[in-house]
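Okay, thanks for coming, everyone. Let me put the structure up on the screen and we'll walk through a few parts of it.

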Amino acid sequence: MIDLRTVDLNLLVDLDALLATRSVTEAARRLNLSQSAMSGSLARLRKLFGDPLMVRTGRNLTLTSRAEALVEPVAEILRLVDGVLAEKSEFAPATATRSFSISASDYATAVVVAPLIRTLSAEAPHITINVRPRAADVPSLLRQERVDLVIEPRETMGPSPLPNAPLFSDRWLCMLDASVHDGTALDPERYLALPHLVYSIGQDLQLNLADRHLADLGVQRRVELTIESFLMVPLLIRGTSLVSLVLERSAGLLPITGLRLVEPPIPVPEINEAMYWNPRNTDDAGHRWLRSRVAATAAALDDGRVG
């Protein structure tokens, strides 16, 4: 039996961060510690557990089997402690120095995270927001606490046991070059005859929801160009015959002078963005504050339609 009086239980917080991030640097950043301090904690944890916990594989650190077995128990222990202390915890955004990570597409980052940052710069000047790329396995991303919050379309997530809240909806429009295309209506036949630009999302290069919907319908298109970000769409369409599906809110943020936005001739369902988080953080005062600010930012989005 280990005498708990001889163990620094603060090491569990460091261990949780290390297990979640699989990185000494990221764990240190999450806890606002120096890298050398986190390296010292890892050395003490290795001695405590009699296991290396993290081993180098190429350029990355990989958890040992013992460390993998500790992920859930350590997270649960800290969740229980958080629950005991929750009623006494407070969060003062004006003076807090906490760091939060949000996983979001470049679209969600442009539409909701950017205005969020402008608000927080005045309300919480010492808070750090780390924007992370989308991941295919969102539950794992949150369970391992590699991020604090995920912004994803409900259509992508499907039914989920994760706590979540709606943010905003958006609809799809077709973007074309106005100098190449006259005012002739874009009917399905003409639409399918045009060359298409398709953008993918995430590190696994998934089709966006609109293009995935057309693919599921069996719609045959001539895809001439594929890219990984909606931000490049206006630049690549200008001066060409290309057509691309874009989200209306994002189009309002892009340089679209000389481009046309028209209704898709083949109906495409709108998307509904929501935020998801680890249930362990539901009652955390700082996390509640972050969620409230994201929700307020989404609620304040202009509803101006450009199509």
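I'll go through a helix pair, then a cavity, then two sheets. One thing up front: this is a predicted model.

So, helices. You usually describe a packed pair by the angle between the axes and how far apart the axes are. For H1 and helix H3, residues 35-49, that's an angle of about 100 degrees, with the axes 10 Å apart. Angles from 65 to 115 degrees count as roughly perpendicular, so that's what we call H1 and H3. Who's touching whom? On the H1 side the contact is made by Leu11, Asp14, Leu15 and Leu18. H3 brings in Met38, Ser41, Leu42, Arg44, Leu45 and Phe49. By class, that contact has 7 nonpolar residues, 1 polar and 2 charged.

Okay, empty space. Searching the whole structure turns up 2 cavities of 30 Å³ or more. I want to talk about the second largest cavity, which has a volume of about 40 Å³. Its lining is Asp16, Leu19, Ala20, Val71, Ala75, Arg143, Gln144 and Glu145. Two elements give two or more residues each to that lining: helix H1, 10-21, and helix H4, 65-85. Which one gives the most? That's H1, with 3 residues. And if you're thinking about chemistry, the lining splits into 4 nonpolar, 1 polar and 3 charged residues.

Now the sheets. There's an open one with 5 strands, in the order E4-E3-E5-E13-E6, and the pairing is mixed. Strand E4, 128-132, and strand E6, 164-170, sit at the edges with a single partner strand each, so one side of each has no neighbour in the sheet. On average, neighbouring strands here are turned by 20 degrees against each other, ignoring direction. Inside that sheet, strand E3, residues 99-103, and strand E5, residues 149-153, pair in the parallel sense over 2 bridges. If you want a spot to click on, Ile102 stands opposite Leu149 in E5. Helix H12, residues 285-299, packs on this sheet and touches E3, E4, E5, E6 and strand E13, 271-276. The direction of H12 makes about 50 degrees with that of E3.

Then there's an open sheet of 3 strands, ordered E11-E7-E12, with antiparallel pairing. Its edges are strand E11, 244-247, and strand E12, 259-262, each pairing on one side only. The twist averages 40 degrees from one strand to the next. Strand E7, residues 172-177, pairs with E12 over 4 bridges, antiparallel, and Asp177 stands opposite Leu259 in E12.

Okay, that's my tour. Questions?

How values were computed. Residues numbered from 1 in each chain as written. Predicted model: local features only at pLDDT ≥ 70, side-chain atom pairs only at ≥ 80, totals over all residues. Heavy atoms only, no water. 1 Å grid on protein atoms, 1.4 Å probe; cavity = no way out; pocket = protein on both sides within 12 Å on 5 of 7 lines; lining within 4 Å. Points joined across faces, edges and corners; volume = space filled by probe spheres on them. Nonpolar A, V, L, I, M, F, W, Y, C, P; charged D, E, K, R; others polar. Axes fitted to C-alpha atoms, helices over the stretch in contact; angles between N-to-C directions. Parallel < 35°, antiparallel > 145°, perpendicular 65-115°, else oblique. Contact = heavy atoms within 4.5 Å. Pairing = 2+ DSSP bridges.
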